[in-house]
Amino acid sequence: MSEQTQSQRRVVVVGAGMAGVQTAVALREQGFTGGVTVIGAEPHQPYDRPPLSKAVLLGKAEDSAFEVDFESLGIDLRLGREVLGVRPADHELDTAEGPVPYDVLVLATGAEPIRLPGAEGVPGVHLLRTLDDAERLRPVLARQHDIVVVGAGWIGAEFATAARGAGCAVTVVEAADRPLAGALPAEVTAPMASWYADAGAVLRTHARVARVEPGAVLLDDGSRLPAGAVVVGIGARPATAWLAGSGIALGPHGDVVADDRLRTSAPDVYAVGDCASFPSGRYGERLLVHHWDNALQGPRTVAANILGEAVGEATAVYDPVPYFWSEQFGRFVQYAGHHTFADTTLWRGEPTGPAWTVCWLRENRLVGLLAVGRPRDLAQGRRLIEAGTPMDPALLTDPARPLKTATA
């Protein structure tokens with residue numbers, strides 16, 4: 001494709017979070033000279049989400065805006081705009097301000113929090129997903145209310161950590177029998193239950209919310225928990241309801257079904273980040289990854305394929321080793337890989353201690369790793385997963401031995 005033809009192409013990105021912004025930046029970094037438009041639903045300058053449950057929430061930072069000079073990159077940023085639908089056959093988006101034509105469309109709308117049934121409109125009930133959410137919660141923490149957190153997943157634990165740090169009394173209610181029940185095996189999460197009590201928070205498992213009323217949460221066992229505020233963290237789902245009727249294929253969780261090059265079922269439409277699932281050749285199954293690193297890595301593949309398709313070469317395959325981290329109750333927790341693919345679980349260190357690692361192997365090759373307070377294990381393990389290096393299980397379980405030297 002000639003330079004002139006490329007410069008006439010229009011890429012429109014829907015979503016101004018990490019995945020959307022990084023796609024626009026990657027296009028420019030890789031030499032795309034056509035039009036790039038990013039459409040965001042929120043009015044704020046695009047920002048990073050992880051600090052919302054940490055520095056922004058505790059008032060240590062006003063916001064977490066990306067340090068991107070959109071103007072100098074020639075990126076047309078349209079904020080506070082709602083996208084209503086897409087007509088792939090016409091290569092047009094429908095927005096509240098009218099249709100927006102595109103040559104290539106990138107779906108990067110992320111995920112939205114699952115709401116607690118029956119809690120809509122009840123005063124004092126909060127979610128923590130957006131900058132506005134964090135700003136509403138900041139004065140709640142400052143007033144040191146009794147806080148009930150619904151859900152002991154990653155976001156629930158991070159918010160409980162922040163609330164305890166602010167001096168609030170915190171009770172976390174979880175319907176399952178343990179924290180992180182949907183994310184990790186029972187043997188791994190069992191030691192984490194004690195972290196709550198050590199931090200002065202109350203964790204109630206097997207606890208289902210019957211209803212929420214102003215000032216209290218009622219559980220199905222009849223318990224009544226006083227609550228100056230309620231924070232709901234029971235998961236998230238891809239923000240794709242607006243694609244209904246578009247013909248773009250969605251998966252069972254509402255995820256946009258992308259291929260290994262992050263192309264959707266519609267021509268000239270890509271999907272990246274929390275809203276999309278992709279087939280992993282490494283793990284032999286389709287992955288839906290709701291974590292920051294996926295929203296950082298995927299855009300490079302999308303940009304490469306948009307440029308490659310212009311000359312008939314969409315060759316960049318997306319098959320990452322998933323990675324995420326969480327800071328909770330004074331511990332730095334990191335995860336790499338995909339543990340459900342494993343046939344063996346091995347431990348490095350004692351889970352009752354301050355630092356330990358769980359390694360998941362398949363046919364003696366590392367496929368997943370959870371490191372608590374052992375960042376070197378994570379860094380080395382991530383490279384070993386990527387390389388598919390055979391491991392020696394007897395050496396691997398010695399926590400004093402560097403992981404990279406525990407190879408077969």
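**A five-stranded sheet and its helices**

In this predicted model, five strands come together as an open sheet, running in the order 22-23-26-25-24 with antiparallel pairing. The edges are taken by strand 22 (323–328) and strand 24 (344–348); each has a single partner strand, so one side of each is left without a neighbour in the sheet. On average, neighbouring strands here are turned by 15° against each other, direction ignored.

Within the sheet, strand 25 (residues 356–362) and strand 26 (residues 365–372) are joined in the antiparallel sense over seven bridges. Looking across to strand 26, Arg-362 has Arg-365 standing opposite.

Two helices pack on this sheet. Helix 4 (residues 154–165) touches strand 22 and strand 23 (331–337), and the direction of helix 4 makes about 30° with that of strand 22. Helix 8 (residues 375–387) also packs on the sheet, where it touches strand 22, strand 23, strand 24, strand 25 and strand 26. As for orientation, helix 8 makes an angle of about 160° with the direction of strand 26.

Turning to another part of the chain, Gly-200 sits in the loop that links helix 6 (193–198) to strand 12 (202–204). How exposed is Gly-200? With a relative accessible area of 41%, Gly-200 counts as partly exposed, because that value falls between the 20% limit for buried and the 50% limit for exposed. Along the chain, Gly-200 and Thr-340 are 140 residues apart, and their C-alpha atoms are separated by 32 Å.

Key:
Residues numbered from 1 in each chain as written. Predicted model: local features only at pLDDT ≥ 70, side-chain atom pairs only at ≥ 80, totals over all residues. Heavy atoms only, no water. Pairing = 2+ DSSP bridges. Helix = DSSP H or I, 4+ residues; strand = E, 2+ residues; numbered from the N terminus. Axes fitted to C-alpha atoms, helices over the stretch in contact; angles between N-to-C directions. Contact = heavy atoms within 4.5 Å. Buried < 20%, exposed > 50% of the residue type's maximum accessible area, 1.4 Å probe, protein only.
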